[in-house]
Amino acid sequence: MKQKLFVLSMDAMVGEDIEYLKTRPNFSRLMAHCARVAKAQTIYPSVTYPAHVSMITGCTANHHGIYNNTHFRTSKGYPAWHLYSDEIKVEDLFAAAKRAGCTTASVYWPVTGKNPNIDYLIDEFFFYEPEESASEAAILDCFRKLGASEDALLTVSDNMDRFPRSYKTKSDWLRLDQTFDHFINGVVCSMIRRFQPDVLVAHNCLLDSMRHKNGVFNDRVTWALDITDYWLGEIIQAMTDAGVLEDTNFVIVSDHGQMNFSRRVKPNVLFEKKGWIDVDADGKISDWKVYGQSNGMSFAVYVKDPALKQTVYDYLRILRDEQVWGFSEVYTREEVSQRYGWDGPFDFVLETDGYTTFSEDWLKEYIAGIDLSDYRLGRATHGYQPEKGPQPVFVATGPAFKKDVTIPFCLTLDESPTFAHILGQSMPQADGRVLTELLV
Ligand SMILES: [Zn+2]
């Protein structure tokens, strides 16, 4: 049998979590002799969608084209996530896997909608509108529109008992039936049992959710790690049942860490005060000259009229120097592109002072409290410069990996080239490198 590849992205998992997981039964057995990277540094902005596209393409955001989580807009509503893979401008791991003659599968990996190189695809989708999840047929139809084949949909039907019932909670606690993550793990296990795909990637958000709601390290995050270990047990059992465990390269990665914050601020309130945002009687934006989009602990500022750009830059730098507005850096688009490979149609980026997160809201007051209904605005978040805070993970075991080896550092950009190398392929467009130190 040829080697298989399974990549599990545990959103917002950090190196400290691995030390705890080593004490848990399934992780400690699975990863007893692992190949590990102590710190796997992510991209800027350190947010889920651009970071996952970097992990699956090996490219920074300026090359792959997904420079934020959601489509730009100046109205309120559910997050308009980037869903479809045709927004990505470079080749991904799935294309490399297809060149290698592999069957491919993906469960809740961001920006995979309608990816032509994924045989069994369940794209990440959160069912905000009640009618989307009103029945099993409606749920299947949503995934079908995102590119799921009829075969792939069988794995959804297998797990309808795990589909979340009440996931729009504002509480700081989550039960398993309030998350998509328990469902996701069930779908992963069904994919393995039904199809034994050569390459399977999956994305699970429980740790990220619990950190947003409660802070980076606490007993509720520890609970999420215990559940993670339980899920690993389910996956190990599915691989054992399918007869593929010994031949699988099993890799656990993550997209970013998180940092605690103590307040959130609304730069768009300042832009409204300056006359750069027009708000109508209903509180909606009727027109704008300057508007910012939040990435959690960074904030991308868009200036519509180029003639206003220098004025905005001067203003933002005055605020920065006053040291009370929540940001300690004002970067130009050119600066973040050169330094971090982050580029987009924005003009400036505000970087957190270390204890402030950014809201997109344009209605006063400038400083606001904790908001558990918005994933960016709880008690901890990310989006800041990638060298800050607890760092993402890379832990691997399987026939392609050395045993009992740890290297100090890699970039998450190195992951896809390494995975492609295991499949006998290269990724010529990737900015990252093959982590040969970890491979046999
Ligand atoms: Zn994430």
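Start at D177. It is partly exposed, with a relative accessible area of 34% (buried is under 20%, exposed over 50%, partly exposed in between; 1.4 Å probe, protein chains only). Its partner R175 is partly exposed too, at 42%. The two form a salt bridge, with the closest N and O atoms 3.1 Å apart (a salt bridge puts a side-chain nitrogen of Lys or Arg within 4 Å of a carboxyl oxygen of Asp or Glu).

This is a predicted model: local features need pLDDT of at least 70, side-chain atom pairs count only at pLDDT 80 or more, and totals for chains, interfaces and linings use all residues. Residues are numbered from 1 along each chain as its sequence is written, and side-chain values use heavy atoms, without hydrogens and water.

Next, select R194 and D158. Their side chains meet in a salt bridge (2.8 Å, N to O). R194 sits in helix α8 (residues 181-195) and D158 in helix α7 (residues 150-158), 36 residues apart (helices are DSSP runs of H or I, at least four residues, and strands runs of E, at least two, numbered from the N terminus).

Now pick R317 and D314. Both lie in helix α12 (residues 309-322), about one turn apart. They form a salt bridge at 3.0 Å between the closest N and O atoms.

Then show D141, R144, K145 and E150. Salt bridges link them in a network.

Finish at the zinc ion. Which residues hold its protein donors? They are D11, T48, D255 and H256, with donor atoms 2.0 to 2.4 Å from the zinc ion (donors are N, O and S atoms within 2.8 Å of the metal, or 3.2 Å for Na, K and Ca; water is not among the atoms, so sites may look incomplete). D11 and T48 are both buried.
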